[in-house]
Amino acid sequence: MSDDNNQVLNGTGEEGPQKTAKQLEKEAKKQAKLDKLKQKLEKKNAAPVKAPTEKKEKKKEVKEAAIYEEDTPEGDKKIVSNAMPDAYSPKYVEAAWYSWWEKQGFFKPEYGRSSIVEKNPKGNFTIIIPPPNVTGSLHLGHALTNAIQDSLIRWNRMKGKTTLWNPGCDHAGIATQVVVEKKLWREEKKTRHDVGREDFVKKIWNWKEEKGDRIYLQLKKLGSSYDWTRAAFTMDPKLCRTVNEAFVRLHEEGIIYRFNRLVNWSCTLKSAISDIEVDKIEIPGRTFLSIPGYDEKVEFGVLVSFAYQVTDSDEKIIVATTRVETMLGDTAVAVHPDDERYKHLHGKFVVHPFCNRKIPIVTDSFVERDFGTGAVKITPAHDPNDYEVGQRNNLPFITMLDDNGIVIGDYGKFTGMKRFQARKEILVALKEKGLYIETKNNPMVVPICSRSKDVVEPMLKPQWYIKCDEMAQKAVDVVQSGELKIIPEMHTKTWYHWMDGIRDWCISRQLWWGHRIPAYYVTIEGKTQEAESDEYWISGRSYEEALDKASKKFNVPASKLTLKQDEDVLDTWFSSGLFPFSLFGWPEDTDDMQVFYPSSVLETGHDILFFWVARMVFFGQKLLGKLPFKEVYLHPIIRDAHGRKMSKSLGNVIDPMDVITGISLEDLHSTLYESNLDPKEIDKAKAGQKQDYPDGIPECGTDALRFALCAMCSGRDINLDILRVQGYRFFCNKIWNATKFALTYFAKDFKAPEGYELIGKESEMDLWMLSKLASAMFDANEGLNNYDFSLATKSIYNIWLYDLCDVYLEYLKPVFASNNSDAIYTAQVTLYRALDIGLRLLSPFMPFITEELYQRLPGAANRSIPSICVAPYPEPDMCKWKNSQIEEEVDFIQRVSKAIRSARSDYNIPNKTKTEAYIKCSDGSIETIVKKLSNALQTLSFCSKSDVNLDAPIGCTILTVSNKCEVHLLLKGLIDPEKEIAKMERKLDMLKGTEEKLKQAMGVADYTTKVPQEVQESNTEKLSQTIAEIQRLEVAMESLKLMN
């Protein structure tokens, strides 16, 4: 019978192959399942039919963040007698405090003192703002600067010093003029020349009065504790006087002089610009760029070779250039003196093909014989290298472009052409004359004006210069001697590099907005004068002073002299370099000058070490005979999460206000249309925003942003990840909830003892909490003192999150649930001290949440100290709480607790289900520790018992804490081993898949060279965590199998 049953018919009725016993068993199980399903369906069909009910869609309830709605007049103290909102809300917490702080005068150096000149035994601390441009709104670089500087000023203020953080704004010559010129054209279709200089400057002042305070309002939003009564604008009369005084003194001494040499020229702005305003754009080869004033894109990144005909010869000499239009200004062809190929041509001439000019062939050792043909065209008036050759060989300097970039001179059809139009036409003409050789791809750097986006043109212009060599040497000397300290020390190399072989500084700009140069050209009646001769330039604090000086110098009556003030203005960096003392009223010997100069520290980005920091040092030493500050702290430069420079075209520029308040992706896109971005680049920028912020930027609040920036402040660059900022917003929520919960343990009449003496009844855990506070005090002060903001923030973060929230508050729950009044009071005192000190430690970094919670601590209404702003900063020498032995003991208990909690998590045991722990100790001292802290261990690990060195029952998993301690955790009856093993197997498969993918990705040949460093680090960390998780699961599964 069994043989017959094993026969199977195929589709044609013939016998198929016999099935095995295993196949038959599988089919039987399948049939049984089908029969069971059939019975269920029949039962369901037999049941009465229910009327269909409309399914209600469940909507997730999103609770709106709390908003402060109390009627609080501007400058009045915020009401804190109301109940705390359930969750932390930045909008609620940050409301109303700033105007009260300002009105109370907490930020003024006079606060709590009769006079600033009154000596403070605790000392002074002064810091000045790197003045932001009046045109701008804050970017993240400003936010970082303010987060760092405010943490320093608040810390020193809390330490009882006389503090001043002086705010100010820069007039930003070029930037402001460009903004107002665009506005004028947009609204009136007029240029500045149409309205004239006087009326145009009035329009800029009107714009400044209308828009100029925007950046100050943003600084207040950041919580920056400036003394606003001392706010300084670089065009204020007081500061203008300093600028004029400095110029006249330096000119009289011969430090400032006038000279005709090459400058960076913007044809669009019609002005010289500084090196920092030149963006060096690298291009790989032939590239077409959009240039202002040209309908078609202009070709760059090619090397054009052409020939010059040697006079009285059939021979030609080939040269190459990336700027063929400049050949109109060529005045020589240079060859190396030892180049045998050209020795027969030394002293001969070539003919310019487009004008009546014979060009000499000169020798110069700067020519590289092996580069190209070994012959170089020389255009002294339009190239920095050629300028030097021109000077050495006494060549003519022919300017072939005017201020607008139009060809000038006797060049036939090319005269009157725009420079890049001439570039194309000259190529055509060279081909027609048979002089064109070839065009090759040529990687190069194109200098672009950061303001106008025009290509910068080297131009020969008479300008005002400052001699820098002697001042630079003194700047080197003070750093080498340690009189001036640059932090981090790695930047001293950059300092020395800038000072070595420094060039004189061009300080004049062809603008209308700015400090007009207080120099006058003197014309003497009846005398023939050499045009633009430096001899006839006189400086003066006023026209009358200049006239008097001229009369005395030339021994001519004033009536015979005509003075005309220079039309140019000074480089913005000139007035910025004077800022450390101009804002205190120099040259007057004011009280502010006596007390606040020099300042304590100069804090700024390392990218302006030379452009601003060095020049302040120059002027301070030269004009006042002493340094403007004792230390320079240079913070990192902020880049996006991928390490890229912040750029509008990439869409990765972040407005700190958007991080504070949050912004949707749609609104982020809208900001691009409001910017000056080229419409063609907007789509690229939008794609960048979508990639980095697919859901927009979440609301993080001011405190979280400030703390994040300080926490990440190390190295040369900060790769800013918004998710990390959001992480600190969650940290704020943790602080809020922990404090809210802790406050329930205090009665309304609770009064903490004054001072820091122990009350004598502290438990081991109380003493541990106080010791951890003492450690945090030391690290926070050490970090702030040494500009190690990462150390300071980490210590404060750890004391709140890991020590107070995760351990001490958990430990206190059974204490407050007990009837032990002594233990409860002692716990209250220790908890109060932890909250009070924790908030004061945190206050310099997070001023808003700390003020809000400080004002809600027990007894706040009767406290003599009105604000956490002026409360004393906790310092380790205030108390004798540090106890390393107790910290080590509790740290060990935490290791035991962590092992138990990890196991509970692995086996999915909820916190409400208590477990039993049987701890085996092979060392007497460890046994003592575990027994002494058994209550804390049971609370922290959710155990009902923690027996030491007693026999463990059957059904335990074994957890190794150290080679002298292991935990036998009873699981029997709490879990189903088979189910847990199945869950773990699934998780193990997933983890092994992750491990395999990571190893595969990290194993590719060019992984270490092509994958960004931060991605490599992230992958290494993920792999390490995955392997550790796999090992833990495997150990847990083995325990379960033994139990099963």
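Visitor: In what order do the three strands of the open sheet run, and with which kind of pairing?

Guide: When reading a sheet, follow the strands from one edge to the other. In this predicted model, the open sheet of three strands has the order 21-29-28, and the pairing is parallel. Its edge strands are strand 21 (485–487) and strand 28 (599–605), each of which pairs on one side only. From one strand to the next, the twist averages 20°.

Visitor: Over how many bridges do strand 21 and strand 29 pair?

Guide: Strand 21 pairs with strand 29 (residues 629–635) in the parallel sense over three bridges. For a position to look at in the structure, take Lys 485, which stands opposite Glu 631 in strand 29.

Visitor: How are helix 13 and helix 14 oriented to each other, and why?

Guide: The idea is to compare the directions of the two axes, where angles over 145 degrees count as roughly antiparallel. The axes of helix 13 (residues 469–481) and helix 14 (residues 492–499) come within 9 Å and cross at roughly 160°, and therefore the two helices are roughly antiparallel to each other. Their crossing is left-handed.

Visitor: Which residues make the contact?

Guide: Helix 13 contributes Ala 472, Ala 475, Val 476, Val 479 and Gln 480, while helix 14 contributes Thr 492, Trp 495, Tyr 496 and Met 499. Sorted by character, the residues of this contact of helix 13 with helix 14 comprise seven nonpolar, two polar and no charged.

Note on methods:
Residues are numbered from 1 along each chain as its sequence is written. This is a predicted model: local features need pLDDT of at least 70, side-chain atom pairs count only at pLDDT 80 or more; totals for chains, interfaces and linings use all residues. Side-chain values use heavy atoms; hydrogens and water are left out. Axes are lines fitted to C-alpha atoms, for helices over the stretch in contact, and angles run from 0 to 180 degrees between N-to-C directions. Helices (H or I, at least four residues) and strands (E, at least two) are DSSP runs, numbered from the N terminus. Angles under 35 degrees count as roughly parallel, over 145 as roughly antiparallel, 65 to 115 as roughly perpendicular and the rest as oblique. A crossing is left-handed if the near helix is turned anticlockwise from the far one by less than a right angle, and right-handed if clockwise. Contact means heavy atoms within 4.5 Å. Ala, Val, Leu, Ile, Met, Phe, Trp, Tyr, Cys and Pro count as nonpolar, Asp, Glu, Lys and Arg as charged, and the others, Gly among them, as polar. Two strands pair if DSSP finds at least two bridges between them.
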